[in-house]
Amino acid sequence: MEKTLSETKKTKRTAKKTKQHCLVIVESPAKAKTIEKYLGNDYIVRASMGHLIDLPKSRLAIDIENNFTPEYITVRGRAKILKELKKEAKKSSGVFLASDNDREGEAIAFHLHEALVEECSSPIKRIVFNEITPIAIQEAVKNPLDIDMGKVNAQKSRRVLDRLVGYNLSPLLWQKVKNGLSAGRVQSVALRLICEREEEVENFIPDEYWTLDGDFKYNKTSFEAQLVKYNDNKPELKNQKEVDAIIKELGSLPALVDDIKITEKSIKPRPPFTTSTLQQVAANRIGFTSKKTMQVAQQLYEGVAVGSTRVGLITYMRTDSVRISDIAIDAVRKWISENHPKELPDEPNVYAAGKKAQDAHEAIRPTYVEYTPAYLKEFLTRDQLRLYSLIWERFVSSQMKNAKTKTSSYEIKVGNAIFRTASTKITEKGFYTVTKTLISKDEKGTALPAMKAGDAISIETLRPEQHFTQGPARYTDASIVKMLEEKGIGRPSTYAPIISVLLDRYYVTRANKQLVPTQLGRIINSLLVENFSEIIDVNFTAGMENRLDEVAENKIEWPKLMESFYGSFKEKVDTALENVESIKGSLDEVTDIVCEKCGNKMVKKLGRFGVFLACSAFPECKNTKSIPLAKCPREGCGGDIIARKSKKRGKEFYGCTHFPECDFISHFKPINASCPKCGWFMVEKYDKKNGNYKACINPDCDYLHSVVEGVEDVEVDRSNE
């Protein structure tokens, strides 16, 4: 009997489902979706969702007496995923483990192999790739590898080491400071750096100094110049009296062009991004936190829909190398020759890797150089486009010619004083052709008239200006990442998590993009520095990173590394448990605020997420609420301004307790001060031009005040708010 059309289709679908295929296991669903399209119907791609097998969270799970053997279990909530992968593996003709090409990815592949090998008779192979493109994926499948046990052991030793530190230090903090606290090996070093910088900021005493600028005129063109030499010495003007004396002396003297210098400079393009430099530039240029940079980069790497096709747009984003593959070099040189032929150097530009670079991956670059930011604009989100633009520009510019500039510097002589002004022009654009950042305004200077030595110049005004020396800057995401990299602390995959953990634990907060230690963070740091100064030492931590690298290279056995560390560390923990004085409860502060539920006084407490109010009658009364930061400025409201978080993005803002009746909000945190002009609360703001300053939150009030002690009220540029 002849089959119907519907029966024929059903038979084909069944045949397709039962046909033997290869299973590819990656870490994330987004990556799975992209790769499955590249491999075709003979493959199915599934995601492990990261680690399926790991140490339990509830206990140490390290056998100290038996070579520090870790006790692994299936991660809670992941058993179903593992069961499905085993089921798929059983009916597959082969299994490819395609987790990320780093230590964590290798450990995921190892644990998957161990979990599948007993039930799967098909071969299980490891594949790695640096970019998610059809060629890279197909080449990886054609050339499978064995699991790199050096990387696996390095990840295992790091995991065991961090568990030994965390599960010994955390109980110490619970007993001596507060329940629920935790400490980490690398994060504690980063906290120490931030706390030490904060001490430098607080101890800095600004010194007054003055500069003297002159407004000069040649023919009909006016220009500025600054005093750079007086009586053959660099001027050190400490007060207004000294600068006024110079003005009085020079005011009636003639001015002339004393010297002209022309300097030509060749500016090399920067190498393509590593993880560290990408996080730094993204923070400085587009205001991304390190965490956000890595999240968006992950999206670009795993694949984005470009029209009807999913495309992995950048190479792997966790790398410390500036190396570029020959294929990528050929592709970018071809693109430059077609679009900017004058800027193509005769030979490819080669960049040296840093001393501590492992060079396991290429630098971060676009997978297809022809996918320009302009072309991808309609397919990417705003954040994806901004980050991709940085990566694309940096990569393409790295293979272009040097830019060249010409600087004209003029020295104006007035009596015993020399004033200097300069102007810079770009003579050859070179790599600036594709970058949006050219020379800065300070470097460029102002347009100057054509003058020659001996020309007479007229003085229009001499303008003194008071300044105060600037102390050390607090760390930002960009500067702490740079410091961690320079000191050899952590690796590309850990920079963003280090910052996130400190913020999540409320050991550090962000204020105007600066990282500021909280009172809790300072207490934790003091306790750890006093009792474990060697363990949370920068050099010790960097040295341990090098030892972990040696484990990865099979130069040392990981249990011996644990043995050399643990004995003395455990002794210090035991000593601290016995001798450190407990400060539990000492941070609590009784307030005059009355609990609306029982009438008892509220107590100010320091919790995991900051300071809050709790009823003093706890546990009978469990009432808690946020700390009032200021009174609501709306007339007749009477509410308090407290910290709140938006439901959609979890971003903190400051709003009235009478919401929704009162919808007043501020995106700046109130400080303990009221505006002397209008009575509204003050906030602290920051901009690059003026640094930190106080400002009234009232949009109709222009009261501003410098944060530097001893400085009168100043006019602050608000144009960038």
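Here is a walk through the structure, from a barrel of strands to a hairpin, a pair of helices and one buried residue.

Keep in mind that this is a predicted model, where local features need pLDDT of at least 70, side-chain atom pairs count only at pLDDT 80 or more, and totals for chains, interfaces and linings use all residues. Residues are numbered from 1 along each chain as its sequence is written, and side-chain values use heavy atoms, with hydrogens and water left out.

Let's start with the barrel. Six strands close it in the order S9-S10-S15-S14-S11-S16, with antiparallel pairing. Strands here are DSSP runs of E, at least two residues long, and helices are runs of H or I, at least four, numbered from the N terminus; two strands pair if DSSP finds at least two bridges between them. On average, neighbouring strands of this sheet are turned by 35 degrees against each other, direction ignored. Take S9 (residues 208-218) and S16 (residues 456-468): they pair in the antiparallel sense over ten bridges, and Leu212 has Pro464 in S16 as its bridge partner. Helix H8 (residues 240-250) lies across S9, S10, S14, S15 and S16, running at about 25 degrees to S9. Such angles run from 0 to 180 degrees between N-to-C directions, with axes fitted to C-alpha atoms, for helices over the stretch in contact.

Now for the hairpin. S17 (residues 508-511) and S18 (residues 514-517) pair in the antiparallel sense over four bridges, and Arg510 stands opposite Leu515 in S18. Two residues sit between the strands, and Asn512 takes a positive phi near 55 degrees.

Next come two helices, H7 (residues 185-203) and H17 (residues 519-532), whose axes come within 10 Å and cross at roughly 110 degrees. That makes H7 roughly perpendicular to H17 (the word covers 65 to 115 degrees). On the H7 side, Ser188, Leu191 and Cys195 are among the residues that meet H17, where Ile524 and Leu528 are among the partners; contact means heavy atoms within 4.5 Å. By class, the H7 contact with H17 has five nonpolar, three polar and four charged residues, with Cys counted as nonpolar and Gly as polar.

Finally, look at Val296, which has its place in helix H10 (residues 290-302). Val296 counts as buried because its relative accessibility is 5%, and buried means under 20% relative accessible area (1.4 Å probe, protein chains only). Leaving aside neighbours within four places in sequence, Val296 is in contact with Phe288, Asp383, Gln384 and Leu387.

Technical notes:
Angles under 35 degrees count as roughly parallel, over 145 as roughly antiparallel, 65 to 115 as roughly perpendicular and the rest as oblique. Buried means under 20% relative accessible area, exposed over 50%, partly exposed in between (1.4 Å probe, protein chains only).
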